[in-house]
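Reader: I am new to this structure, and I would like to understand how each term used for it is justified. Could you take me through the reasoning step by step?

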Amino acid sequence: MKRYVYINDDNLAKDIYCDNRISNRKYTILNFLPKNLWEQFSRFMNQYFLLIACLQLWSLITPVNPASTWGPLILIFAVSSSKEAWDDYNRYLLDKKANEKEIWIVRQGIRKLIQAQDICIGNIVWLRENDEVPCDLLLLGTADPQGFCYVETAALDGETDLKTRSIPSACMGIDVDLLHKIKGVIECPSPNKDIRRFDANMRLFPPFLDNDIFPLTIKNTLLQSCYLRNTEWACGVAVYTGNQTKLGMCRGIAEPKLTAVDAMIDKLTGAVFVFQIVVVIVLGIAGNVFKDKQGRKLWYVQYPKEGPWYELLVIPLRFELLCSIMIPISIKVSLDLAKSLYAKFIDWDVEMVDPETGIRSNAANQAISEDLGQVEYILTDKTGTLTENKMIFKRCCISGRFYGNESGDALTDAQLLNAASTGSADVILFLKVMAICNTVIPVRSKSGTISYKALSQDEEALVCASARLRMVLENKNGNILDINFNASPMQYEVLDTLEFTSDRKRMSVVVRECQSGELFILSKGADETILPLTYSGQQVRTFAEAVEQYAQMGLRTLCLAWRKLEEDEYQEWTSMFKEANSTLVDRERRVAEVCQRLERDFEILGVAAIEDRLQEGVPETIEILRKAGINFWMLTGDKMSTAIQIALSCNFVSPEPKGQILIIDGKTEDEVCRSLDRVLLTTRITESESKQDVAFVVDGWALEIALKHYRKPFTELAILSRTAICCRVTPSQKAQLVELLKLCDYRTLAIGDGGNDVRMIQQADIGVGISGREGLQAARAADYSIGKFRFLKRLILVHGRYSYNRTAFLSQYSFYKSFLICFIQIFFSFISGVSGTSLFNTVSLMAYNVFYTSVPVLFSVLDKDLSERTVMQHPQILFDCQSGRLLNPSTFAGWFGRSLFHAIVVFVITIHSYAFEKSVMEEVAMVAVSGCIWLQAFVVALETNSFTIFQHLAIWGNLVGFYAINWIVSSIPTSGMYTIMFRLCEQPSYWITMILIVATGMCPVLALKYLRYTYRPSRINLLQQSERLGGPILSSGIIEPKSRSSLDKDIPTDSVYEPLLSESPSATRRSAGPTQRLDSVQSQSPPHSTHTRKDN
């Protein structure tokens, strides 16, 4: 689809395209209530509770007042809706501020001041310095005579360096007084969110130009929310407005991510629902049988002799309402509140503040903190993520001569300095390419010193190095470059720029030397894209050896080349280049094809080697996380040798003989197949022996073939290998590898710092962005942002593990307290004629989940089973979280059994204590509720590992609050509980009953805990003992995980097997995809008898 924008003629577009009104609101006043309710009730649990609430309106079947369900339901919905309304109102205020900003435009040849929301497609917009761009504009003129302006794009892509934008060549030379009269048409794509591309064409109408077509690129645009800097004024025509701007198209609500804990809770909820239906059917049948055989004989029941047609459904529906509390109505609100606090703990963590920049960690996604504790694979970028992204020119090879080998720094190499000062032809050419072939902008300060602004750290390093070697880029005036070499000025005109892309992996410029008029093409790029383009007869062996030598040192390499151009050759090529740049469909591919016609027969000048140092703490962080059972993949665009060297220095893989690196290479399908089979066979053998740390290395070309034609064996290799190094990979390949591991049911975390990492970060279960020198694109797209890679250790081991432990307890406890009250109701039905009568009144049921039992458990977000220092010292304890040991069907069954036992204790003791006294049913119900509250207080206290004043207040203060609430209710004559609590508290038998319930309910649990803690302690128990006794922490060797179990030696080649963690006895077999199967491996550690939160 195309869009035609008529410059300075907004009447043609007013009825076709939208105005510039920005709206990020989700609701309006009219649709808020229906839309919000629709969203709320699109969830199964809310639908379930709404059905239950509606059934309770039927007086014939409801055992309690409908308020017991409607009250909490309305409260929960009101809280959620209020939050949505508040967030939407804040969005409205921001929209209103942006829409009402005053902007100068041209209409009918007259400059007018209007509100930003009234800008139409085709309007000419005038901006002054420091103005915010109100919509997407195509530049028509600037205050700069060369047609340049500077913009700050931080709001768009997070990059703080100023960028240059230029007017199209068609507008060059148009007087400023004529700009408001300009007429023409722009042919551009339909609105899209690609902020790096704008493939369009423009035709200006006479008298300006005679309908010639001129290509337009993203460098001719000013995008919405950018700021005009260091430019007095600029004007442009509106091409995209309102929510159809590129920024507006990028806005939107990200797809919610489902954590492993949420998925398990959903499964457990489904199992509880099935159990509930079974209970309802059994009790419904029993109730109808009792009614027919016994109930009708009891005169005081007064059953009618003949009932309505739906009579058989009455008792089952009563039990359905009675058992509906099995699924806790408050669990979602409790979990959401807890997760928001987990995110705040990350934001507030002062130990995750970068001391150099002051950047704090930030949790943009508040719903997935517990997934951090279950990460199994980390996929990381290299440059700027593992390294500092501070490029330093270290060594070079020029015409076969190596510089910097002796001193370790080429810039201090006497031979290179002497060659530069004496005017060595080869060195001068090399330095010219370094100074000219780039997009760097020189900025001269008031003191006369020159600094450089660059989008690429590599380019900045090269230009700074050339300046130190006396080839100084002094000024860039439009297309004219001023170079100073040894105090001799030179000028070059940049005719065309052949831009760098991830596919081309090189950049070239066509320049004309102003003095001689000679044409040159200068190029720099990766060795695999430059060396094959040399002229026939040039020996490149020395340069290839230099690349390999520098890569072995962990340095980044760039090959520099050039050749002379003939005028005829250039004129023929430039016409094809302009034609390719004028196409709207598949422009990038066609431009690349045309560029390749000129980029040939190069003379290689040399190789530049740039150092990018590792960040502080990277090797230690990776080593600790590998001990925690986390596998690492490094995905980088660097050369294979460089990537391997960095991997070894980062502790990705152990050096030989303990570590082994296997390489998958090849340019054809057969070569890749043979290489992959060899690596896979070796990995199987090595993994079964468990003697070596194996890593495989693959480059982008082989990876593309493997993913396309040999996906099944590559998937098996990915599962068997703990470490992978993928080099020369594109952003799309990074995302494909993340998807591959996710299909194998692994929890993945992707971390990067640049725009090329965004797809990988968004694809992963957890995305982490580093706020680095490449801008904030990755950090903004991520779920979490951190200042340095080393903070990942604390993010996972401390915040992730604590969040998982707390969520596992909170979710299972929520079910426990609901089961407890529900089982008491079921037991009561056996002594009430299986009629579905409720023991508890409306107030007690309504307050039970919302007030009585929610406050103590919410403070479990402060609980720590081990200190942060111990957790960091013993990363192996993360295995329990990775294997889901704290939240699984087994642990859930334990909580289910505990609730059943406690329900029996409360019901039996209450009934035997009060049933034979002259007590009203409300008194018996209050005694049972009191017993539940006391029991739950001690359960929470028992499961709490680290007490703070807030937890004591929450647990014991909640008990006081329970009695305070019921004393108040008991003082109200119309409450149905008038004087009940006063009478009970005056009776010694009531307090004896409470003591008996607590003692009977908690003694067996305490005994089991003691036996387990004393005779079968887990790793966590041992560490807790050491902490509490104040002695030395156990050495890591005591809790070091055993080696992975051996794989079956007879693994068939068409199957995929996953070695499970030997310290994760409850780990389950995982699917490796729809067509693959995995073989579970027995753990070498003895299975534990039970799984409780205390023992992890």
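**Strands, helices and cores**

Author: Let us begin with one pair of residues: Gly184 stands opposite Leu204 in β9. Please keep in mind throughout that this is a predicted model.

Reader: What makes β8 and β9 a pair of strands?

Author: Two strands pair if at least two bridges are found between them. Strand β8 (residues 184-189) and strand β9 (residues 200-204) are joined by four bridges in the antiparallel sense, so the requirement of at least two is met. These strands belong to an open sheet of four strands, in the order β1-β8-β9-β10, whose pairing is antiparallel. The edges are taken by β1 (2-7) and β10 (213-216), and because each has a single partner strand, one side of each is left without a neighbour in the sheet. From one strand to the next, the twist averages 25 degrees.

Reader: Which strands stand at the edges of the sheet with the order β3-β2-β4-β13-β5-β11, and why are they called edges?

Author: That open sheet has six strands with antiparallel pairing. Its edges are β3 (110-115) and β11 (221-222), since each has a single partner strand, so that one side of each has no neighbour in the sheet. Within this sheet, β2 (residues 102-107) and β4 (residues 124-128) run antiparallel and are joined by three bridges, with Trp104 opposite Trp126 in β4.

Reader: Why is strand β24 described as largely enclosed by the rest of the structure?

Author: A residue is buried when its relative accessible area is under 20%. Seven of the seven residues of β24 (residues 519-525) are buried, and therefore the strand is largely enclosed by the rest of the structure. Both of its faces are covered, with Leu519, Ile521, Ser523 and Gly525 buried on one side and Phe520, Leu522 and Lys524 buried on the other. The strand has antiparallel partners as well: β23 (residues 506-513) pairs with β24 over seven bridges, and β24 pairs with β25 over seven bridges. Phe520 takes part in both pictures, standing opposite Val511 and opposite Lys564 in β25. Five residues lie between β23 and β24 in their hairpin, and Gly517 in the turn has a positive phi of about 80 degrees.

Reader: How do you know that the buried residues of helix α14 lie on the same side?

Author: The buried residues in α14 are Phe543, Ala546, Val547, Tyr550 and Ala551. They cover an arc of only 130 degrees around the axis, which means that they are on the same side of α14. These buried residues pack against several elements, including β16 (387-398), α13 (527-530), β25 (556-565) and α18 (640-649). The helix, residues 541-552, has twelve residues and spans 17 Å from its first C-alpha to its last, close to the 16 Å expected at 1.5 Å a residue. Just after α14, Gly554 takes a positive phi of about 85 degrees.

Reader: Which residues touch the most other members of the largest nonpolar core?

Author: Ile378, Leu749 and Leu792 do so, in a core of 146 residues. The most residues in this core, 23, come from helix α25 (residues 791-830). Apart from neighbours within four places in sequence, Leu792 is in contact with Ile378, Leu625, Leu749, Ile751, Val768 and Ile786. A second, separate core of 51 residues includes Val133, Phe198, Ala234 and Ala238.

Reader: Why does Asn230 count as exposed, and why does Asp745 count as partly exposed?

Author: Exposed means over 50% relative accessible area, and partly exposed lies between that value and the 20% under which a residue is buried. Asn230 has a relative accessibility of 55%, so it counts as exposed, whereas Asp745, at 45%, counts as partly exposed. Asn230 lies in the loop between β12 (227-229) and β13 (233-240), and it has a positive phi of about 50 degrees although it is not a glycine. Asp745 is found in the loop between α22 (731-743) and β31 (748-752), and its phi, near 65 degrees, is a positive value in a residue other than glycine.

Methods
Residues numbered from 1 in each chain as written. Predicted model: local features only at pLDDT ≥ 70, side-chain atom pairs only at ≥ 80, totals over all residues. Heavy atoms only, no water. Helix = DSSP H or I, 4+ residues; strand = E, 2+ residues; numbered from the N terminus. Expected span 1.5 Å × (residues − 1). Buried < 20%, exposed > 50% of the residue type's maximum accessible area, 1.4 Å probe, protein only. Arc of directions from axis to C-beta. Contact = heavy atoms within 4.5 Å. Core = buried A, V, L, I, M, F, W, Y, C linked by side-chain atoms within 4.5 Å. Axes fitted to C-alpha atoms, helices over the stretch in contact; angles between N-to-C directions.
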